[in-house]
Amino acid sequence: MCGIIGILANSPVNQALYDGLLVLQHRGQDAAGILTCDDKRIHLRKDNGQVRDVFQERHMLGLKGNMGIGHVRYPTAGCDSPAEAQPFYVNSPYGLALAHNGNLTNADQLKDELYREDLRHINTDSDSEILLNVFAHELQAVAKLRLTPEQLFRAVACCGDEANESDALPRRPCRRCDLPPAGAPRRRPRLGP
């Protein structure tokens with residue numbers, strides 16, 4: 001059980017995210033985090049502890065932007081390291097963030113497949129970080145300079161398939177979106193004789 005909040009607004013969201021996490025504090029007292037975005041720059045503060053302990057005035061001033069997500073954690077998987085606090089962020093493709101409530105039953109297999117197929121390093125024991133990287137992996141398969149809603153939804157559909165499959169990141173097209181296989185080799189010019 002965790003608490004998650006997301007806000008997209010025409011004005012700064014840091015205070016509203018903080019207030020929302022206070023209301024959700026009963027859903028998790030182990031750790032708290034807020035990630036905001038301001039003009040394509042990501043601002044993140046997360047740590048172990050309750051909301052009032054994690055965020056001081058100096059932290060709130062640094063959380064600039066009109067969109068953001070927040071998370072309070074009740075641990076069911078992983079450990080109690082501050083690195084396990086959410087939200088998680090990866091910079092490619094596009095810069096993605098995730099706050100997640102739930103467990104992946106095949107997290108170890110997904111972690112192994114992510115490394116073997118996409119050379120993605122998972123820095124924590126959190127299955128949420130694994131899920132974010134599965135989504136990044138699937139989104140990379142459809143990545144274009146300008147991402148369309150259809151491409152985003154296709155990657156989300158494939159992400160759900162992969163998180164539920166026993167063969168985590170198969171070398172087959174995603175059933176739902178007819179994408180090329182994740183990790184399929186690209187044709188390269190032959191070098192040498």
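Colleague: Which side chain does Asp118 meet in a salt bridge?

Modeller: Keep in mind that this is a predicted model. Asp118 is partly exposed, at 27% relative accessible area. Its partner counts as buried, with 13% relative accessibility. The closest approach is 2.8 Å from N to O, and the residue on the other side is Arg120.

Colleague: OK, and how many salt bridges does the structure hold?

Modeller: Let's go through some of them. Arg45 pairs with Asp47, with the closest N and O atoms 3.8 Å apart. There's also a network that links Asp112, Glu113 and Arg116. For the structure, the count of salt bridges is 5.

Colleague: How many residues apart in sequence are the parts that Arg73 and Asp30 tie together?

Modeller: Their side chains meet in a salt bridge at 2.4 Å, N to O. Arg73 sits in strand E4, while Asp30 is in the loop between helix H1 and strand E2, so the pair joins parts whose separation in sequence is 43 residues.

Colleague: Is Arg73 buried or exposed?

Modeller: Its partner Asp30 has a relative accessible area of 22%, so Asp30 is partly exposed. For Arg73 the value is 5%, and anything under 20% falls in one class, so Arg73 is buried.

Colleague: Let's move to the core. Which helix gives the most residues to the largest nonpolar core?

Modeller: This core has 19 residues, and among those touching the most other members are Leu96, Leu104 and Leu139. Strands E5 and E6 and helices H4, H5 and H6 each supply at least two of its residues. With 8 residues, the top contributor is H5.

Colleague: What does Leu139 touch, leaving out residues up to four places away in sequence?

Modeller: Leu139 is one of the core members that touch the most others. Leaving out those sequence neighbours, its contacts are Pro93, Tyr94, Leu96, Leu147, Leu152 and Ala155.

Colleague: How many residues are in the second, separate core?

Modeller: You can spot it by looking for Val13, Leu21, Met60 and Leu63, which are included in it. The number of residues in this second core is 13.

Colleague: Last one: how many residues of the lining of the largest pocket are nonpolar?

Modeller: The pocket has a volume of about 490 Å³. It's lined by 19 residues, with Cys37, Ile42, Met67, Gly95 and Ala97 nearest its centre. Strands E1, E2, E4 and E6 are the elements giving two or more residues to that lining. Set aside the 4 polar and 2 charged residues, and the nonpolar count is 13.

Terms used
Residues are numbered from 1 along each chain as its sequence is written. This is a predicted model: local features need pLDDT of at least 70, side-chain atom pairs count only at pLDDT 80 or more; totals for chains, interfaces and linings use all residues. Side-chain values use heavy atoms; hydrogens and water are left out. On a 1 Å grid over the protein atoms alone, a cavity is a set of points where a 1.4 Å probe fits but cannot get out, and a pocket is an open set with protein on both sides within 12 Å along at least five of seven lines; lining residues have an atom within 4 Å of a point. Grid points are joined across faces, edges and corners, and a volume is the space filled by probe spheres set on the points. Helices (H or I, at least four residues) and strands (E, at least two) are DSSP runs, numbered from the N terminus. Ala, Val, Leu, Ile, Met, Phe, Trp, Tyr, Cys and Pro count as nonpolar, Asp, Glu, Lys and Arg as charged, and the others, Gly among them, as polar. A nonpolar core is a set of buried Ala, Val, Leu, Ile, Met, Phe, Trp, Tyr and Cys residues joined through side-chain atoms within 4.5 Å. Buried means under 20% relative accessible area, exposed over 50%, partly exposed in between (1.4 Å probe, protein chains only). Contact means heavy atoms within 4.5 Å. A salt bridge is a side-chain nitrogen of Lys or Arg within 4 Å of a carboxyl oxygen of Asp or Glu.
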